[in-house]
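Me: I would like to go through this model with you and ask, term by term, how each label is earned. Please set the value beside the cut-off wherever a conclusion depends on one.

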Amino acid sequence: MSVAAVESITSTPAPETSSPEARMPSEIPSRTNLLDCDQRALAAFCATLGEKPFRVKQLLRWIHQVGESDFARMTDLAKALREKLASHAFVQAPDVLKDSVAADGTRKWLFAVGAGNGIETVFIPEINRATLCISSQVGCALECSFCSTGRQGFNRNLTTGEIIGQLWWATRVLATDNPQSGRIITNVVMMGMGEPLTNFENVVSALYVMLDDHGYGLSRRRVTVSTSGIVPNIDRLRAQCPVALAVSLHAPNDTLRDMLVPINRKYPLAQLMAACRRYVDSAPTDTHPDDVLPEPLQGKWQREGSPRDFVTFEYVMLEGVNDGLAHARELIELTREVPCKFNLIPFNDFPSSGYRRSRPEQVRAFQEVLQQAGLIATVRRTRGDEIDGACGQLAGEVQDRTRRALKRSVGTPL
Ligand code: SAH
Ligand code: SF4
């Protein structure tokens, strides 16, 4: 996961995103990209056109379910409205620069997001589900020492349109390639580049469109936000959009976590564990303040039952750094009060990372210690290796722009 030097990447011609007339000429800034709009923003936009709120559902269905970007083809809209839309709006995802497919079916798209920067999106097909891993920022400010995105510093937040545009694009391309298959993407994980909870508003707007039955209709259990532990925004997510939560733990004590995940100095483990506990405890169906939700989502909480009743702790396995059996025992103590599952992630290397992947037998021994304590602990299978599609590997070359690179001495076994 990193900021790409897009210029240096050989581009693969992208399939046509939309008819030329539906694409946004960038010289007309007054037009609205409807991918930037969640339900509320679409309602406000329709109001400016003098249109009724029920148009929101129609537009959501055309854009996100049919994948249509050409208003002229939205046949159940009155011609006058289609013309108004064509002059005031457009539907456009970021341009695709590269499209790579690995032997295991993992597919990765590199999108251009301006100023020579790129973001990546990874599609991971499995037997019973297919997951899209989405980016939320260009780069990341949080400088986790083992993460290539963190090594490259922060560039900017993605807009709602750039976030949902990744799902819109992938859904469309996969549907074109597999016309008989129905809905292909069953799960979304916000585990691409960036820290989703430091781009809160845009991420939540995009989540609302993912969850909406007129949008992508995904269950909250099948949409996961992964965070390095932005405690106040874990609480805001719980209140506003309690989807499944994954927390990048990576260390069982503050001393080690301060070094691996520097945001820990601001929100140490005691605060993080308390926030995780609150997340699981108080996102029940019946107390959710529906009135803060956009209208189409109201009632969804009751209909779907409770969100996940556990937090997933992600734990990257770094040889000689955090993979000792004593670390596993410390983890059991640390997480005692939090209903949780562990996902052990084999470290994915990138140039000059300074870390090494733990040996498989060490990962197994670590897993067994957790399992013997009654915890569910799985080992994440590495996918899409040859296209650098695995966690922490996105976007090719790594340009080390952070101060951290200069002072990196944290458990460097090499
Ligand atoms: N910023 C968020 C989400 C993006 S990172 C977060 O930190 O949770 C998604 C996951 O990939 C996180 O668990 C992160 O710690 C992990 N990751 C980052 N770099 C990695 C690497 N080099 N190898 C394996 N996992 C990595
Ligand atoms: Fe940012 Fe997540 Fe990478 Fe840490 S692991 S630098 S929070 S993207």
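The exchange below takes up burial, the cores, the cysteines, a hairpin, backbone angles and a ligand shell.

Me: What kind of model is this, and how many helices and strands does the chain have?

Reply: This is a predicted model, and its chain has 13 helices and 14 strands. Of the 414 residues of the chain, 58% count as buried. Among the contacts with a separation of 6 or more, 71% are accounted for by residues 24 or more positions apart.

Me: Why is leucine 211 called buried?

Reply: Its relative accessible area is 0%, and buried means under 20%, so leucine 211 meets the criterion. This leucine has its place in helix 6, and its C-alpha atom is separated by 9.3 Å from that of valine 243, which is 32 residues away along the chain.

Me: How do you know that leucine 197 counts as buried, and where does it lie?

Reply: The relative accessibility of leucine 197 is 1%, and because the limit for burial is under 20%, leucine 197 counts as buried. Leucine 197 lies in the loop between strand 9 (187–190) and helix 6. When residues up to four places away in sequence are not counted, leucine 197 touches Val225, Thr227, Ile230, Asn233, Ile234 and Leu237. With threonine 227, the C-alpha to C-alpha distance is 6.5 Å, although the two are 30 residues apart in sequence.

Me: What makes asparagine 157 partly exposed?

Reply: Its relative accessible area is 30%, and partly exposed is the class between under 20% and over 50%, so asparagine 157 belongs in that class. Asparagine 157 lies in strand 8 (residues 154–157), and, leaving aside neighbours within four places in sequence, it is in contact with Ser136, Gln137, Glu162, Thr198 and Asn199. Asparagine 157 and serine 135 are 22 residues apart in sequence, with 9.8 Å between their C-alpha atoms.

Me: Which residues have the most contacts inside the largest nonpolar core, and which helix gives the largest share of it?

Reply: The largest nonpolar core has 108 residues, and those with the most contacts inside it are Leu34, Met210 and Leu237. Helix 6 (residues 200–211) supplies the largest share of this core, namely nine residues. A second, separate core has five residues, including Cys133, Val189, Met191 and Ala246. As for methionine 210, its contacts beyond four places in sequence are Ile134, Ile164, Leu167, Val188, Met190, Tyr216, Gly217, Leu218 and Val223.

Me: How do you know that cysteine 340 is in no disulfide?

Reply: The nearest cysteine sulfur, that of cysteine 276, is 8.6 Å away, whereas a disulfide requires the two sulfur atoms to be within 2.5 Å, and therefore cysteine 340 is in no disulfide. The structure as a whole holds zero disulfides. Cysteine 340 is buried, with a relative accessible area of 11%, and cysteine 133 is likewise buried, at 9%.

Me: Why can strand 3 and strand 4 be called a pair?

Reply: Pairing calls for at least two bridges, and strand 3 (residues 96–101) and strand 4 (residues 107–112) have five bridges in the antiparallel sense, so the label applies. Valine 101 stands opposite arginine 107 in strand 4. Five residues lie between the strands of this hairpin, in which glycine 105 takes a positive phi near 95°.

Me: Which residues other than glycine have a positive phi, and are they buried or exposed?

Reply: Among them is histidine 250, whose phi is near 65°, and serine 352, with a phi of about 50°. Histidine 250 lies in the loop between strand 11 (244–248) and helix 8 (254–260), and its relative accessible area of 4% is under 20%, so this residue is buried. Serine 352, found in the loop between strand 13 (340–346) and helix 12 (360–372), has 54% relative accessibility, which is over 50%, and therefore counts as exposed.

Me: Which residues are around ligand 2, and what are their classes?

Reply: The residues around ligand 2 are Cys140, Leu142, Glu143, Cys144, Cys147, Gly150, Gly194, Glu195 and Ser228. By class, this shell has four nonpolar, three polar and two charged residues.

Note on methods. Residues numbered from 1 in each chain as written. Chains lettered and ligands numbered in written order. Predicted model: local features only at pLDDT ≥ 70, side-chain atom pairs only at ≥ 80, totals over all residues. Heavy atoms only, no water. Core = buried A, V, L, I, M, F, W, Y, C linked by side-chain atoms within 4.5 Å. Buried < 20%, exposed > 50% of the residue type's maximum accessible area, 1.4 Å probe, protein only. Helix = DSSP H or I, 4+ residues; strand = E, 2+ residues; numbered from the N terminus. Contact = heavy atoms within 4.5 Å. Near = heavy atom within 4 Å. Nonpolar A, V, L, I, M, F, W, Y, C, P; charged D, E, K, R; others polar.
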